[in-house]
Amino acid sequence: MQNYVSPSALQEQLNEIAFLTNNPIRNASDEIFRKVAEQKHITDSQLASLYHLYPGIFEKALDLADTNTVTKFVSGAKVLFQVTGSAGFPYICFEDYCSCPAFANSSIMHSDLLYCKHQLAVAVVQALNSATPIQVTEEQFTQLACVDRNRKVVAAMTPNKGFR
Ligand SMILES: [Zn+2]
């Protein structure tokens with residue numbers, strides 16, 4: 001019975017997933033990034049749309065993408081990104097996850113910000129294919145993901161450290 005999930009709990013989880021995948025802002029920006037990847041460049045109107053979708057956030061994301069702060073690590077089929085923020089603090093980004101406090105506070109707790117600036121920076125870099133992948137071993141890959149997770153626990157225990 002340990003792994004039993006009640007139908008109502010399951011429905012709740014499905015609703016949450018549906019909300020995430022059906023969010024119109026996220027869908028709109030995903031569509032823009034898909035087109036950018038096709039065109040291999042970003043147009044002024046696409047930039048304007050992204051500024052509009054993520055006011056105050058996309059500008060910072062573009063800065064991060066422009067200043068080579070996004071590093072792509074690859075191990076087999078697995079990919080993770082390390083994004084060094086403006087304070088020099090590196091965060092780990094997967095497609096649907098970022099280790100930064102903004103993602104934890106807004107995306108998970110309130111669902112009002114589906115991409116943080118680090119994820120948007122990754123989306124720009126991915127769409128423009130501008131990051132040179134660094135090949136790592138399976139072990140190094142796991143270490144990269146876990147080291148960050150451990151640090152996040154420490155950051156969560158000591159508020160005012162690593163929050164900005
Ligand atoms: Zn983030």
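Trainee: How many bridges join β2 to β3?
Mentor: This is a predicted model. In it, β2 and β3 form a hairpin with five residues between them, and the two strands run antiparallel. One of the pairs across them is Phe81 with Cys93, the latter in β3. The number of bridges joining β2 to β3 is four.

Trainee: Which residue in the turn between β2 and β3 has a positive phi?
Mentor: The hairpin of β2 and β3 leaves five residues between the strands. One residue in that turn has a phi of about 80°, and the residue is Gly88.

Trainee: What is the bridge partner of Phe94 in β4?
Mentor: β3 and β4 also form a hairpin, here with two residues between them. The strands run antiparallel and are joined by two bridges. In β4, the partner of Phe94 is Tyr97.

Trainee: Which strands stand at the edges of the sheet?
Mentor: The sheet is open, with five strands in mixed pairing and the order β4-β3-β2-β1-β5. An edge strand has a single partner, so one side of it is left without a neighbour in the sheet. The strands in that position are β4 and β5 (134–135).

Trainee: How many helices accompany the strands in the protein?
Mentor: Along the sequence, the pattern is α-α-α-α-β-β-β-β-α-α-β-α. Beside its five strands, the protein has a number of helices equal to seven.

Trainee: How many of the residues of α6 are buried?
Mentor: Helix α6 spans residues 117–127 and is mostly covered. Its cover includes the helices α2 (24–39) and α4 (58–66), and the strands β1 (70–75), β2 (78–84), β3 (90–94) and β4 (97–98). Among its buried residues are Lys117, His118 and Gln119, as well as Leu120 and Ala127. Of the 11 residues in α6, the buried ones number 10.

Trainee: Which element gives the most residues to the largest nonpolar core?
Mentor: That core has 28 residues, and those with the most contacts inside it include Leu120, Ala121, Val122 and Val124, together with Val70, Val83 and Cys93. The elements giving two or more residues to this core are α2, α4, β2, β3 and α6. With seven residues, the element that gives the most is α6.

Trainee: Which residues does Val124 touch, not counting those up to four places away in sequence?
Mentor: Val124 is one of the buried residues of α6. It is also among the residues with the most contacts inside the largest nonpolar core. Leaving out residues up to four places away in sequence, Val124 touches Ala61, Leu62 and Ala65.

Trainee: Over which residues does pLDDT stay under 50?
Mentor: The protein averages a pLDDT of 80, and 74% of the residues score at least 70. Where pLDDT is low, the predicted coordinates should not be read in detail. One stretch has seven contacts beyond four places in sequence, and its pLDDT stays under 50: residues 152–164.

Trainee: What share of the contacts with a separation of 6 or more comes from residues 24 or more positions apart?
Mentor: Buried residues make up 21% of the 164 residues in the protein. For contacts with a separation of 6 or more, the share from residues 24 or more positions apart is 59%.

Note on methods. Residues are numbered from 1 along each chain as its sequence is written. This is a predicted model: local features need pLDDT of at least 70, side-chain atom pairs count only at pLDDT 80 or more; totals for chains, interfaces and linings use all residues. A residue is buried if 20 or more other C-beta atoms lie within 10 Å of its own, exposed if 12 or fewer, and partly exposed in between; C-beta atoms are placed from the backbone. Two residues are in contact if their C-beta atoms, placed from the backbone, lie within 7 Å. A nonpolar core is a set of buried Ala, Val, Leu, Ile, Met, Phe, Trp, Tyr and Cys residues joined through C-beta atoms within 7 Å. pLDDT is the predictor's confidence in each residue, from 0 to 100. Two strands pair if DSSP finds at least two bridges between them.
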